[in-house]
Amino acid sequence: MSGAIWAIFCRDLGLLVRGSLGRGGALLPLLFFVVVAMLYPFAVGPDAKLLARTGAGVIWVAALLAAILPLDRLVEPDVEAGMFDQWALRGLSEEVLLLVRILAHWLSFGLPLMLAAPISAGLLSLTGEQLRVIEIGLLLGTPGLAAIGVTIAAITAGLRAGTALGGLLAIPLAVPLLIFGAGSLQPQGAGGLYLLAAASMAALAIAPFAGAAAIRAGRE
Amino acid sequence: MQPCRLAAFDLACRRGDRVLLRGLSFELAPGEALQLGGPNGIGKSSLIRMLAGLLRPFHGHVEHSGGLALSDERAALDAHRPLGEALDFWRRIDGAGPPTADFGLEDLLDVPVRFLSTGQRKRAALARLAGSGAQVWLLDEPLNGLDTHWGASAQAAIEAHRAAGGIAVIASHQPLDLKRLRTIHLLDYQP
């Protein structure tokens, strides 16, 4: 049983990092995340003070939008290929499978975002202190984003235009993470990190069950 | 191998607002094979998925002992990976290895699954099924896409599985060349 879970985790991670057929890997959300930070100064001008004041919020918006990009390849290809049916026949519960997938998704998406955040911070002339809070915030918030992403991917798997719908469904759910994440960078906003962690944990706790129910309902 | 069993009691199948089948019961002992026959749309695939526990019966219930293995129109092999790796993934989960030699797959192990023909992919799916070590095989149109030679090989694999004490349920509209094959015509169970 644990051997099977490990094999599935390795496969999921490989798929999500390298990308599968016609669906980009971990690089795509990452580039998107950095490109947003690169474009923002072009749009509002190179005023370092303005950038430093608003830049942290831009990083959080970019992180949220980057989380939507991989939605279509998180669950749908495996439902399509019958992988979930085969796993069900072997007595592997969808809840565990989705938890494994959230972990793999976070490693292929949350972690690279944290590594790229210093580049974005540099482009937006943020201070070292701001970058530190952003990194802590991303560490606390991206697991929640990954959980919401996998849940929505499971709900929209098998639907036509599921990707577009998935984006629309994921954004409202991710708004608390955005508010607390960006809010933690305001003066006296340190409490925001606790709320961010709480929102992230709530998403993480609900996600495997909601996603598993969606996959089972999709079989009917 | 401990004895396996598959039994259905008064099954009814509903898709949408239509009842496709009702009152279907059977019981299979080790070594037995059952063909579910009938025209397209009669509910063969739904019935197979019900026996697999993937679809809830509208009425009645299914009992089984021994592991279940399913082969339907989806191969459950990662399309972009070489066949060898894709099969290896299932070997790591099931423990036993897919018998690639029985299905003539040795020369294809380097080929990405998406480049395989329909028949080759079907053979790979059957190899995955045979390697699962499960005692109850549920096959949905196992001969689709196979030529005469590999069709015979697939049926030989089913016979070998039965000889080893396994059960096979085969949904197919094609005639099968299996010994002591029980047949259920699903047309008889239409409401």
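## Surroundings of Glu73(B)

Once its neighbours within four places in sequence are set aside, Glu73(B) is in contact with Asp140(B) and Glu141(B). The model described here is predicted, and in it Glu73(B) belongs to the loop of chain B that runs between β5 (68-71) and α2 (83-94).

Glu73(B) counts as partly exposed because 14 C-beta neighbours lie inside 10 Å, whereas a buried residue would need 20 or more and an exposed one would have 12 or fewer. Between the C-alpha atoms of Glu73(B) and Leu20(B), which are 53 residues apart along the chain, the separation is 20 Å.

## The parallel sheet of chain B

Chain B contains an open sheet of five strands, arranged in the order β5-β6-β7-β3-β8 with parallel pairing. The edges are occupied by β5 and β8 (181-185) of chain B, and each of them has a single partner strand, so one side of each is left without a neighbour in the sheet. On average, and with direction ignored, neighbouring strands of this sheet are turned by 15 degrees against each other.

Strand β3 (residues 33-37) of chain B runs parallel to strand β7 (residues 167-171) of chain B, and four bridges join the two. Within this pair, Gln35(B) stands opposite Ile170(B) in β7(B).

## Helices packed on the sheet

Helix α1 (residues 44-51) of chain B packs on the sheet, where it touches β3, β6 (136-140) and β7 of chain B, and its direction makes about 150 degrees with that of β7(B). Helix α4 (residues 148-163) of chain B also packs on the sheet, touching β3, β6 and β7 of chain B, with its direction at about 145 degrees to that of β7(B).

Terms used
Residues numbered from 1 in each chain as written. Chains lettered and ligands numbered in written order. Predicted model: local features only at pLDDT ≥ 70, side-chain atom pairs only at ≥ 80, totals over all residues. Contact = placed C-beta atoms within 7 Å. Pairing = 2+ DSSP bridges. Axes fitted to C-alpha atoms, helices over the stretch in contact; angles between N-to-C directions.
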